[in-house]
Protein chains: 2
Amino acid sequence: MAQEKSAGLAGVIAGHTGISTVGKEGVGLTYRGYSIEDLAEQACFEEVAFLLLRDRLPSQQELDDYKAQLRPLRALPDDLKVILERLPADAHPMDVMRTGCSALGSLEPEGRGRDASAIAHRLVACFGSILLYWHRFHARGDRLETGTDDESTAGHFLYLLHGKKPDELSRRALDVALILYAEHEFNASTFTARTIASTLPDFYSAVTGAIGALRGPLHGGANEAAMEFIQRFASPDEAERGVMELVAQKQLVMGFGHRVYRVSDPRSGIIKRWSKRLAEASGDTRLYPISERIEQVMWREKKLFPNLDFYSATAFHLCGIPTAMFTPLFVVSRITGWAAHIMEQRADNRLIRPSADYVGPAPRPFVPIFQRRA
Amino acid sequence: MAQEKSAGLAGVIAGHTGISTVGKEGVGLTYRGYSIEDLAEQACFEEVAFLLLRDRLPSQQELDDYKAQLRPLRALPDDLKVILERLPADAHPMDVMRTGCSALGSLEPEGRGRDASAIAHRLVACFGSILLYWHRFHARGDRLETGTDDESTAGHFLYLLHGKKPDELSRRALDVALILYAEHEFNASTFTARTIASTLPDFYSAVTGAIGALRGPLHGGANEAAMEFIQRFASPDEAERGVMELVAQKQLVMGFGHRVYRVSDPRSGIIKRWSKRLAEASGDTRLYPISERIEQVMWREKKLFPNLDFYSATAFHLCGIPTAMFTPLFVVSRITGWAAHIMEQRADNRLIRPSADYVGPAPRPFVPIFQRRA
């Protein structure tokens, strides 16, 4: 079959952005000019959300105000609760996020005094609520009160999940993971959001589509696939044998390599350190050592480096988060980047409509149905 | 602000397709090699759906079987009905389509014996049901029985809308409109579906995102905007003055011109003829003459030709279809093209992930929050 020169638009410039750099000279990630290392070390997730959405860092007062603004936005409207209750107990959690977002778009539509920023803040605050309301309803029959007074988005999520205030190590580890997942230029879900936004529909349409794109194992689903892989093994030696087998079969190991980064993923070292801290604090002697061995073998055999998804899997697991919630957590974070990109697309819009290379049948005469052979 | 060379990916080959040609030598549309003129003249919508999804025209027996297969798929599951009842009476109908599709994706998920083809058929059959169940519930408090035994998708839609068997002229006009709207290469919603599909999520994720893209006035929303424009005027002379005013203000008139077609939209003449027949049959002496005058003035002043959306607006209106349902009807039809493209993308997948031209701030040092000025 004919192949276009740049399959999957790899390396094709599809637009401009002032939000982030990915892989300048093969490494390096900045949000609005600030390095991901600085942000993960010194900022909190809400500070990064403010930066992405407003294009500057907040003052302490502005950050306090922003956090106070988010808190009441964690509660869900009653109609949305009914809708979430009707989604099955065995639904894919990303279907719940996608449907919850879409439904909220008709319950609290854009316009009528609700602009893009207001919706972005609402979704930052309530995506965790949507997931965990649905989860708790089916797991325990509870109608969870999602409006907590936790100061942080990470704390809110862990509180709803476990029913108690999280320890600070887990909370900050998740907070950092949310920072790392917040934004990544024209990845498939963000590019989806921009393509949808380019026809000028409402804000929720773009986000709903982005959730669908993130759901796939070649994108947001990778951290879940990584966890499932890591958990297959009882020891580092067993993991090494498992990786060697996959390598021999030329199969992918999820959580390694990247479309844009060539040398390393600058986020991986950061989440790896948090993963290690969590392992030490919890007395884990299995997952973290297995993860490290898989990393070593993948580098030795394939010269592939772990991307953000790989050590995030271990970190999330050690925070007590079920694997099926890993990709929804990605949504809780990435909504900030999506929102910034939707606003940027709108500010200087051109319909995104590429062309295709036609490889189908040549023009052919129509045969009326009574002349066709069965 | 910097502009990439091909804003909106105009003219950029983003992949290959064997499904349709759009604008070869400036005109011309084929589905699987058959000209749109032949299909609109000699085929019915279900025959075209079969062609798009199966890559060949059905025999009479196959077409009969396919229609019989679609009929029982028009009924909705109870959980979906409850969800639709919870979407507000004043919701945007495209939000209803988007949410209904997403919710169905968790109620009847892909896998577990349900493949892409089965889902495509289900959605062809029930998208009209989703819209009209919601509509009737809020308009009249009815819980509409959506499983009708109409032979055609167009007939099913008109029956549910008007509560009686439609006249054959309206039914066939809508049937032809569904054929014309079914497929159009890498338009924004189809490209959205393919981008989402390229991360390998479930089928519904790609369709849900495509609905969001279609919702915008630069895409599917154009026929509604065209209707609103046409209805502003009481006479052709008044319409001429209205168009001249917009032209003087350099404003867009929706329903004219096209990203790909340069000379004319091959679908426009076909739907114009149906629009004329409907006008004659209904004794309309206003909308059709106004539409024709707008066409003449746009050509005289701007050398812009009407696209499919322009005369579809008049045709739908003369079939008694409310303007707010025009874009949802586009969904009822285009699901066939989207489905074919999702299957094609999956069959030879590469993640769609372009690059961006960075125009943001240079790397800058992080200022800790206590050192920032308010």
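**Two chains and the contacts that join them**

Among the residues of chain A, A:G209 sits closest to the rotation axis, with its C-alpha at 1.9 Å. The axis belongs to a predicted model, and it relates chain A to chain B. A turn of 180°, with 0.0 Å of shift along the axis, lays chain A on chain B with an RMSD of 0.0 Å. That is how a two-fold axis relates its copies.

The place where the chains meet comes next. On each side, the contact takes in a good list of residues: 105 from chain A touch 105 from chain B. Every one of these positions is shared, since 100% of the interface residues of chain A are also interface residues in chain B, so the copies meet through the same surface. The size of an interface is often given as the accessible area lost when the parts come together. Here, chain A and chain B bury about 9100 Å² between them, and 58% of that is on carbon and sulfur atoms. Three residues, A:R353, A:Y358 and A:F366, supply 9% of the area that chain A buries against chain B, more than any other three residues.

Polar links run across this interface too. Between chain A and chain B there are 50 residue pairs in polar contact, counting pairs with both residues at pLDDT 80 or more. As for the make-up of the side of chain A that touches chain B, its residues split into 49 nonpolar, 33 polar and 23 charged. Salt bridges between the two chains number twelve. On the side of chain A that touches chain B, helix α5 (residues 93–107) gives the most, with eight residues.

Side chains of opposite charge can pair when their charged atoms come close. Over all chains, the count comes to 52 salt bridges. One of the pairs reaches from chain to chain: B:R215 is in the loop between α10 (203–214) and α11 (222–230) of chain B, while A:D202 is in the loop between α9 (188–197) and α10 (203–214) of chain A, so the pair joins two chains. The closest N and O atoms of B:R215 and A:D202 are 3.3 Å apart. Both B:R215 and A:D202 are buried.

Other salt bridges stay inside one chain. B:R143 pairs with B:E85, and their closest N and O atoms are 2.8 Å apart. This pair ties together distant parts of the chain, as B:R143 belongs to the loop between α6 (116–140) and α7 (153–162) of chain B and B:E85 to helix α4 (residues 78–86), 58 residues apart. The two partners also differ in setting: B:R143 is exposed, with a relative accessible area of 57%, whereas B:E85 counts as buried at 16%.

A further salt bridge brings together the side chains of B:R300 and B:E301, at 3.0 Å from N to O. Here B:R300 counts as partly exposed, at 44% relative accessibility, and B:E301 is partly exposed as well, at 34%. Over in chain A, salt bridges that share partners join A:D237, A:E240, A:R293, A:R300 and A:E301 into one network.

Two buried residues of chain B are worth a stop. B:H16 lies in strand β1 (residues 13–17), and it is buried, with a relative accessible area of 7%. The side chain of B:H16 makes a polar contact of 3.2 Å with that of B:D348. B:C319 lies in the loop between α15 (308–318) and α16 (326–347) of chain B. B:C319 is also buried, with a relative accessible area of 7%. Leaving out residues up to four places away in sequence, B:C319 touches B:L158, B:H162, B:S170, B:A173 and B:L278. From B:C319 to B:A7 it is 312 residues in sequence and 38 Å in space, C-alpha to C-alpha.

Backbone angles pick out two more loop residues. A:K303 has a positive phi of about 50° although it is not a glycine. A:K303 is found in the loop between α14 (287–302) and α15 (308–318) of chain A, and at 51% relative accessibility it counts as exposed. In chain B, B:L200 is not a glycine either, yet its phi is positive, at about 65°. B:L200 is part of the loop between α9 (188–197) and α10 of chain B, and it counts as partly exposed, at 36% relative accessibility.

Notes. Residues are numbered from 1 along each chain as its sequence is written. Chains are lettered from A and ligands numbered from 1 in the order in which they are written. This is a predicted model: local features need pLDDT of at least 70, side-chain atom pairs count only at pLDDT 80 or more; totals for chains, interfaces and linings use all residues. Side-chain values use heavy atoms; hydrogens and water are left out. Copies are superposed by least squares on the C-alpha atoms of residues with pLDDT of at least 70 in both. Contact means heavy atoms within 4.5 Å. Helices (H or I, at least four residues) and strands (E, at least two) are DSSP runs, numbered from the N terminus. Buried means under 20% relative accessible area, exposed over 50%, partly exposed in between (1.4 Å probe, protein chains only). Buried area is the accessible area (1.4 Å probe) that two parts lose on being put together, summed over both. A salt bridge is a side-chain nitrogen of Lys or Arg within 4 Å of a carboxyl oxygen of Asp or Glu. A polar contact is a pair of N or O atoms within 3.5 Å; within protein, one must be able to donate a hydrogen and the other to accept it, and residues adjacent in sequence count only if both atoms are side-chain atoms. Ala, Val, Leu, Ile, Met, Phe, Trp, Tyr, Cys and Pro count as nonpolar, Asp, Glu, Lys and Arg as charged, and the others, Gly among them, as polar.
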